[in-house]
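Subject: The two-chain model, handed over

Hi there,

Here is the structure I promised to pass on. Please have a look at it first, and then read on for what I found.

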Amino acid sequence: MDCENARRRISETLDGGRPDAALVGHLSGCAACSRTLTRTRSLNAALASLPQLRPSAAFSTGVLASLKRARAAESIPAWPLAAAWAASSLALAAGAMRVSLSIPRLAGAVAEGAALLELAGRLALRVLPAPRAGAELSAAALIAVALFLTISLPHAHKTRLIGAKS
Amino acid sequence: MSEPLVADADLVRRCLSGDDGGFAALLERHQDRVYSFLRRLTGDARDAEDLSQVVFLKAFRSLETFDLARPFHSWVLAIAHHAALDHLRARRTDLSLDHDEHPIDPADGADGPERLAEAALDGALVERLIAALPPLYREALLLRHGEGLSVEEVAATLGIPEGTVKIRLFRARELMRRKWEAFEKDETREAPRP
């Protein structure tokens, strides 16, 4: 066994491996490797006796305050998001009715309902404490779609009626 | 170390049932070991405290995924390991996590180390020797000896095979020992001759 292999085996032995006859034989005749064993044991012992370090006194208070905020964000009701979903669904339905040109009055009513729902969802998101970013973004995206459709629909419906009269 | 009156798993259960007092107790119990690990791994007190906060918040949010049969401290140290490596990579894009930035001359300690006067291996010197190791070797040693984990537990904490842990430990010990001998050599050289 050469010294390089002996040092590897020493490290394994210190991690619970059993010293084999080849290592024992090498150590009995190699002062450098015997010294490596002694020194590595000393280093391991010194590492094990290092004191634990403490964070600042404000650390745990800060973590617990963050946890409290996280809990509060989790307890936000889901209805604003549901309102945004419903608003966008109604707006899309109104858009589909308008495209089909068959029931414009119903399309107008549905679009008005969508606008009201959208407004409720938007106000709720503004009034409630900061919700989770993902929900906020989803709601904002849906609200944007609903807003676009509900604003454009009455105008399109009116234009169509004027066109029909003339 | 004596067993705590309330097991970590029971504190986790309390927290999962909505009692934040359970998590406060877990925080109190494990904050020093997480902070110590991160302080020695990052080498910066402020970074270590910021990262410790991130670690505990992540642990809180992931508690539902915690396996109650597993030790809480190795689970939270695994989160700390990922947070620290992300931090070290972000801090220095050119950082090599497993190469020695201060290589040792292979001849160091080879010309009769037994002739060298043995420097006292005090805590300050050990801290310096650890700080000089590449991060991946440093964390393996800290978990194995600082935290007293077995090779199997270190492997589970770091998510790597046991063989890889043994290789990192071997290289870490070699580097530390050689740096120690190089330090002694410098001390001997600088010591006034009688």
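To begin with chain A: in what order do the elements run from the N terminus on? They run α-α-α-α-α-α-α, so to speak a chain with 7 helices and 0 strands. Please keep in mind that this is a predicted model.

**The two chains**

Chain A has 166 residues, and 27% of them count as buried. If you take its contacts between residues at least 6 apart in sequence, 72% join residues at least 24 apart.

Chain B has 194 residues, with buried residues making up 36%. Along the sequence its pattern is α-α-α-α-α-α-α-α, with 8 helices and 0 strands. Among its contacts between residues at least 6 apart in sequence, 70% join residues at least 24 apart.

**Where the chains meet**

The contact between the chains takes 33 residues from chain A and 35 residues from chain B. On the chain A side, the elements that give two or more residues are α1 (3–14), α3 (31–48) and α4 (59–74). Which of them gives the largest share? That is α3(A), with 12 residues. By type, the residues on the chain A side divide into 14 nonpolar, 11 polar and 8 charged.

**A closer look at α3(A)**

Since α3(A) gives that largest share, here is some detail on this helix. The helix α3(A) has 18 residues and reaches 26 Å from its first C-alpha to its last, close to the 26 Å expected at 1.5 Å a residue. Its buried residues are A:Cys33, A:Thr36, A:Leu37, A:Arg39, A:Thr40, A:Leu43, A:Ala46 and A:Leu47.

One residue to pick out in the viewer is A:Leu43, which is found in helix α3 of chain A. Why does A:Leu43 count as buried? It has 22 C-beta neighbours inside 10 Å, and the cut-off for a buried residue is 20 or more. Leaving aside residues up to four places away in sequence, A:Leu43 touches B:Arg173, B:Met176 and B:Arg177.

**α3(A) against α6(B)**

Two packed helices are described by the angle between their axes and the distance between the axes. For α3(A) and helix α6 (residues 135–146) of chain B, the axes come within 8 Å and cross at roughly 75 degrees. Angles of 65 to 115 degrees count as roughly perpendicular, and α3(A) and α6(B) are therefore roughly perpendicular to each other.

Which residues meet there? From α3(A) come A:Asn44, A:Leu47 and A:Ala48, and from α6(B) come B:Leu141, B:His145 and B:Gly146. The residues of this contact divide into 3 nonpolar, 3 polar and no charged. You may recall that A:Leu47 is also on the list of buried residues in α3(A).

**How confident the predictor is**

For the complex, the predictor gives an ipTM of 0.79 and a pTM of 0.68. Chain B averages a pLDDT of 82, and 79% of the residues score at least 70. Where in chain B does pLDDT stay under 50? That is the stretch of residues 102–118, for which the model has 24 contacts beyond four places in sequence.

Happy browsing, and best wishes!

Conventions
Residues are numbered from 1 along each chain as its sequence is written. Chains are lettered from A and ligands numbered from 1 in the order in which they are written. This is a predicted model: local features need pLDDT of at least 70, side-chain atom pairs count only at pLDDT 80 or more; totals for chains, interfaces and linings use all residues. Two residues are in contact if their C-beta atoms, placed from the backbone, lie within 7 Å. Helices (H or I, at least four residues) and strands (E, at least two) are DSSP runs, numbered from the N terminus. Ala, Val, Leu, Ile, Met, Phe, Trp, Tyr, Cys and Pro count as nonpolar, Asp, Glu, Lys and Arg as charged, and the others, Gly among them, as polar. The expected span of a helix is 1.5 Å times one less than its number of residues. A residue is buried if 20 or more other C-beta atoms lie within 10 Å of its own, exposed if 12 or fewer, and partly exposed in between; C-beta atoms are placed from the backbone. Axes are lines fitted to C-alpha atoms, for helices over the stretch in contact, and angles run from 0 to 180 degrees between N-to-C directions. Angles under 35 degrees count as roughly parallel, over 145 as roughly antiparallel, 65 to 115 as roughly perpendicular and the rest as oblique. pLDDT is the predictor's confidence in each residue, from 0 to 100.
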